[in-house]
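Please look through the structure below, and then follow the questions and answers on its helices and aromatic rings.

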Amino acid sequence: MHWNRFLLAASLILPVFLRVPEACSQSTPFVHKKRYAMGTVFEIVAYSASIGRASSAVDQALDEVVRLDSVMSNFKPESDLSQMNREAHFHAVRVPADMYKVIETSLAYSRLSEGEFDVSVGPVVDLWKAALAGGPTPTAAELAQAHSCVGYQRIELIAPDQIEFHSDCMRIDLGSIGKGYAVDRAVAILRSNGIERAYIDAGGSTIYGMGTPPDHDGWLVHLRDPSNRLAPHVRLIDSSISTSEQTAASTLTGDAPGHIVVPGSGKPLRTRYAVSVTAKSATASDALSTTLLLLGPEKGAALVSRLKDVTAIWISADGQKTIAGPETTIAVRESAAQAAGTSADQAALPKEKKN
């Protein structure tokens, strides 16, 4: 499965692409570069007194994202994940350290959410993928067969680097957490190169703000608002934001299935909300945005109350909102129609510059 075409319940951030606007101050040197990976565009803006250092650091960070794509892609048959999905049925296989860590983290979120987050739901998603592409709706028998392959409890981790599936048809998809992990790795590489101010964006669905931009007290990001009434926004300072939303029904096919599948039922999620989640790591915000969309505001708020440094906002198309966590993190103001997607403040980022 391609990283950004048919995302499962465990993989389900709706891409909203970032606009890189003009800055109010160009006095601090910066580097701005993009790279296509994981089915989307990764974008980094880094500020530094040394353009050479910033350019090298950004290149290294983007190279790491591309490397991780070759490890965790479910679309590339030669990836480490694809190889594991072919070989790990009732047989332990060795996997790269990054993939082991991401799957270990995924299982922790599965337990935390009581199975709402489940990276093993790939076989069911494949059926709905075909339906989204114009094929017939899966039959009850087809769904039952695919659903029998799903279950995070049948993924066994054998430290330090082996994984085994206790199922003959399981397939893992890391689209719900892999981009967040790649963002965190990019952040780590930038920091190791002495970069303190940077903005890392994975297709607009997961964003991390390092430090603060010049002349500002945080990276101001406007969040997804299906109602265009509330203007939700957050200021990122060494933190991340991720957004998730079900695909709207096609105007051509009517009540078409969406791209997010509920692991428990194997059917597309029906929800009127978009949810945005802040966390200290992009891995966490990425995984939690899908989980909290699936749970909905009531159950999701209860989960957020058990987590540290996490805030979430659910917004419906008619403007209803629920905020869980520290309410000072995500701000909302009643206003005229706002931009429909996640984007950075116009004063926070520099005018696009080719490097």
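Buried means under 20% relative accessible area, exposed means over 50%, and partly exposed lies in between, using a 1.4 Å probe and protein chains only. This is a predicted model, in which local features need pLDDT of at least 70, side-chain atom pairs count only at pLDDT 80 or more, and totals for chains, interfaces and linings use all residues. Residues are numbered from 1 along each chain as its sequence is written, and side-chain values use heavy atoms, with hydrogens and water left out.

Q: Is Trp219 buried or exposed?
A: The relative accessible area of Trp219 is 0%. Because that value falls under the 20% limit, Trp219 counts as buried.

Q: Which kind of aromatic pair do Tyr47 and Trp219 form?
A: Rings of Phe, Tyr and Trp (its six-membered ring) pair if their centres lie within 6.5 Å, and planes under 30 degrees apart count as stacked, over 60 as edge-to-face and the rest as tilted. By this rule the count comes to four aromatic pairs. For Tyr47 and Trp219 the centres are 6.2 Å apart and the planes differ by 40 degrees, so the pair is tilted.

Q: How are H4 and H5 oriented to each other?
A: Helices are DSSP runs (H or I, at least four residues), numbered from the N terminus. The axes, lines fitted to C-alpha atoms over the stretch in contact, with angles from 0 to 180 degrees between N-to-C directions, come within 7 Å for H4 (residues 122-132) and H5 (residues 140-147) and cross at roughly 150 degrees. Angles under 35 degrees count as roughly parallel, over 145 as roughly antiparallel, 65 to 115 as roughly perpendicular and the rest as oblique. H4 and H5 are therefore roughly antiparallel.

Technical notes:
Helices (H or I, at least four residues) and strands (E, at least two) are DSSP runs, numbered from the N terminus.
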